[in-house]
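Trainee: I have a model open and would like to walk through it with you. Could we take it piece by piece?

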2 protein chains.
Amino acid sequence: MTSAQWVDRLAADRSLLERTSTVERVTDLLRQRIIQGELPPGTQLSEVSAKDALGVSRNTLREAFRLLGHERLLVHEMHKGVSVRKPSSADVADLYRLRRIIEVGAVRHAATTKRELVTAVARAVRAGEQAAADGDWSEVGTANMRFHEALVGLADSPRINDAMAGLLAELRLAFHVMSTDERGGLDPERTRGFYESYVERNRAIADQVADGELDAAATALETYLADAEAQLLTAYAERT
Amino acid sequence: MTSAQWVDRLAADRSLLERTSTVERVTDLLRQRIIQGELPPGTQLSEVSAKDALGVSRNTLREAFRLLGHERLLVHEMHKGVSVRKPSSADVADLYRLRRIIEVGAVRHAATTKRELVTAVARAVRAGEQAAADGDWSEVGTANMRFHEALVGLADSPRINDAMAGLLAELRLAFHVMSTDERGGLDPERTRGFYESYVERNRAIADQVADGELDAAATALETYLADAEAQLLTAYAERT
DNA sequence: CAACGTTCGATCGTTCAACAATCCGGCGTA
DNA sequence: TACGCCGGATTGTTGAACGATCGAACGTTG
């Protein structure tokens with residue numbers, strides 16, 4: 001084993017030693033706080049307060065803000081600073097338009113149907129069923145997200161995965177808008193209503209995928225998403 | 001006309017007075033230079049030289065770099081600076097995977113088929129035919145880009161338009177890789193070969209769209225893109 | 001009292017200068 | 001030739017500064 005084997009094995013671990021810049025860490029942190037709802041939509045993010053809170057320079061912070069603005073998680077208004085995005089109902093509609101195209105397309109074009117990618121779908125469905133049985137509807141929500149990410153992952157395309165991740169992040173913003181507008185706490189009964197019916201529909205689609213019936217899964221997903229959009233949009237219209 | 005009419009008419013013009021920050025302008029400028037090939041793939045962009053050339057601060061420049069890195073037009077390596085991206089053949093394949101999903105999906109889900117959106121497709125096709133007749137194959141290339149943008153525009157979704165714009169920008173990088181690797185100038189005969197056959201195929205698809213045969217147009221587009229990918233990938237493989 | 005002009009503090013946009021960390025190439029040594 | 005080391009150059013990050021702009025409070029005027 002003179003050379004080639006070493007380098008190949010080590011080259012595979014190259015990703016492990018990628019150091020991260022401060023900007024990246026700040027961006028990741030803020031993104032997390034935003035999509036988890038700890039920074040609710042509409043929150044004004046003053047540069048100085050954030051700088052003091054995070055202990056970084058203002059310039060570093062501005063780079064992170066710029067990035068998150070590009071991801072549509074923050075809105076950037078000249079001389080007025082940044083605030084957490086508050087998706088409009090038009091945004092929700094657009095989000096679902098894109099979602100239909102990406103998810104349905106990814107399932108229909110699912111390339112090589114690698115074993116691990118298919119099992120990831122099944123795993124997400126099972127996690128959702130378990131969480132539903134436990135009555136943990138918040139956990140059902142995240143499992144649902146993972147299910148859709150796994151579905152899109154079938155296309156085995158890094159760019160599609162990225163697009164889907166950004167899409168779901170923005171969609172979470174929409175959910176937070178409903179949870180925080182007007183009344184304070186989020187109604188657990190309402191989130192239950194959102195996810196309840198989808199647990200079994202997820203199962204159905206996952207089974208179709210496992211059986212290689214991609215076209216059937218795609219069309220099922222199509223109506224699935226149309227229903228979800230309608231449900232979300234009516235809920236959106238209720239609180240304005 | 002006491003009030004309401006004024007404000008409505010003025011509110012429509014609100015977009016005209018959006019001022020642009022320096023970072024935005026620098027970003028737009030650099031993006032343009034990159035996709036036009038004036039900054040060929042692989043070019044190292046030193047911060048100080050760029051700062052001196054553009055007459056902006058280093059921090060401002062770094063924000064622009066960060067943005068373009070997020071768009072995958074620049075690669076950012078810690079402590080090594082940024083350079084114009086050089087898409088690999090794997091990138092090209094991924095790009096086309098995404099392209100198939102977005103374009104085909106957009107055509108198939110073409111929502112309201114607004115008059116202006118359909119005519120935009122026809123216009124791009126005609127511009128391509130005209131340029132082909134004139135033998136201006138570079139112009140044929142840009143018309144081709146506009147054709148695909150118009151196709152995707154049928155979905156009438158800002159996010160899909162953005163995604164497509166970024167996708168095409170990255171794809172241009174791939175073309176520049178072929179044009180600049182090894183030998184210097186780009187071979188006009190080769191670019192002619194790339195676009196020649198697609199002029200009439202564009203026309204066919206556009207006619208199908210105009211006749212409302214969206215499904216037929218979508219399937220035609222599917223094979224169209226598969227052919228284009230194969231052609232580009234073999235050309236890519238030739239020069240390595 | 002309602003509409004308008006002014007002032008002022010706070011915040012943002014941008015620049016500049018500094019320093020540590022890191023990279024890269026060259027040089028000497030074994 | 002391979003290795004270790006050093007120094008210049010570039011990047012990463014910070015801190016401070018200054019003008020520009022915003023928003024709200026205040027006073028003025030009709």
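**A loop residue to start with**

Mentor: A:Glu38 lies in the loop between helix 2 and strand 1 (44-45) of chain A. Keep in mind as we go that this is a predicted model.

Trainee: Is A:Glu38 buried or exposed?

Mentor: A:Glu38 is exposed, since 11 other C-beta atoms lie within 10 Å, and a residue counts as exposed at 12 or fewer.

Trainee: And how far is A:Glu38 from A:His176 in sequence and in space?

Mentor: The two are 138 residues apart in sequence, whereas their C-alpha atoms are 9.5 Å apart in space.

Trainee: OK, zooming out, what does the secondary structure of chain A come to?

Mentor: Chain A has 10 helices and 3 strands, and along the sequence they follow the pattern α-α-β-α-α-β-β-α-α-α-α-α-α. Its C-alpha atoms fill a box of roughly 65 × 55 × 30 Å along the principal axes.

Trainee: How much of chain A is buried?

Mentor: Buried residues make up 35% of the 240 residues in chain A. As for contacts in chain A with a separation of 6 or more, 73% of them are between residues 24 or more positions apart.

Trainee: What about helix 3 of chain A, why does it lie largely in the open?

Mentor: Helix 3 of chain A covers residues 47-54, and of its 8 residues the number buried is 0, so the helix lies largely in the open. The helix is followed by A:Gly55, which has a positive phi near 70°.

Trainee: Switching to chain B, how are the strands of its sheet ordered?

Mentor: In chain B, 3 strands form an open sheet in the order 1-3-2, with antiparallel pairing. Strand 1 and strand 2 of chain B stand at the edges with a single partner strand each, so one side of each has no neighbour in the sheet.

Trainee: How many bridges join strand 3 of chain B to strand 1, and how many join it to strand 2?

Mentor: Strand 1 (residues 44-45) of chain B is joined to strand 3 by 2 bridges, and strand 2 (residues 74-77) is joined to strand 3 by 4 bridges. B:Ser83 in strand 3 stands opposite B:Gln44, and B:Ser83 is also the bridge partner of B:Val75. In the hairpin of strands 2 and 3 of chain B, which has 3 residues between the strands, B:His79 takes a positive phi near 65°.

Trainee: Which side chains of strand 3 in chain B point to which face?

Mentor: B:Val82 and B:Val84 point to one face and are buried, while B:Gly81 and B:Ser83 point to the other face and are not buried. Such alternation between the two faces of the sheet is what a regular strand shows.

Trainee: Now the two chains together: what rotation superposes chain B on chain A?

Mentor: A rotation of 180° with 0.0 Å of shift along its axis does so, with an RMSD of 0.2 Å. The two copies are therefore related as by a two-fold rotation axis. Of the residues of chain B, B:Glu63 comes closest to that axis, its C-alpha lying at 2.7 Å.

Trainee: How many residues does each chain put into the contact?

Mentor: The contact takes 26 residues from chain B and 26 residues from chain A. On the side of chain B that touches chain A, helix 4 (58-70), helix 5 (89-108) and helix 8 (158-180) of chain B each give two or more residues, and helix 5 gives the most, with 9 residues. By class, that side of chain B has 12 nonpolar, 6 polar and 8 charged residues.

Trainee: Why do you say the copies meet through the same surface?

Mentor: Because 100% of the interface residues of chain B are also interface residues in chain A.

Trainee: And which residues have the most contacts inside the largest nonpolar core?

Mentor: That core has 116 residues, and those with the most contacts inside it are A:Ile102, A:Ala106, A:Val107, B:Ile102 and B:Ala106. Leaving aside residues up to four places away in sequence, A:Ala106 touches A:Leu151, A:Val152, A:Leu154, A:Ala155, A:Ile160 and B:Ile101.

Trainee: Last topic, the DNA: which residues are closest to strand D?

Mentor: Of the 16 residues that surround DNA strand D, the closest are A:Thr22, A:Ser57, A:Thr60, B:Glu47 and B:Gly81. Helix 2 (22-35) and helix 4 (58-70) of chain A, together with helix 3 (47-54) of chain B, are the elements giving two or more residues to this surface. The residues of the surface near DNA strand D divide into 4 nonpolar, 10 polar and 2 charged.

Notes:
Residues are numbered from 1 along each chain as its sequence is written. Chains are lettered from A and ligands numbered from 1 in the order in which they are written. This is a predicted model: local features need pLDDT of at least 70, side-chain atom pairs count only at pLDDT 80 or more; totals for chains, interfaces and linings use all residues. A residue is near a molecule or strand if its C-beta atom, placed from the backbone, lies within 6 Å of it. Ala, Val, Leu, Ile, Met, Phe, Trp, Tyr, Cys and Pro count as nonpolar, Asp, Glu, Lys and Arg as charged, and the others, Gly among them, as polar. Two residues are in contact if their C-beta atoms, placed from the backbone, lie within 7 Å. A residue is buried if 20 or more other C-beta atoms lie within 10 Å of its own, exposed if 12 or fewer, and partly exposed in between; C-beta atoms are placed from the backbone. Two strands pair if DSSP finds at least two bridges between them. A nonpolar core is a set of buried Ala, Val, Leu, Ile, Met, Phe, Trp, Tyr and Cys residues joined through C-beta atoms within 7 Å. Copies are superposed by least squares on the C-alpha atoms of residues with pLDDT of at least 70 in both.
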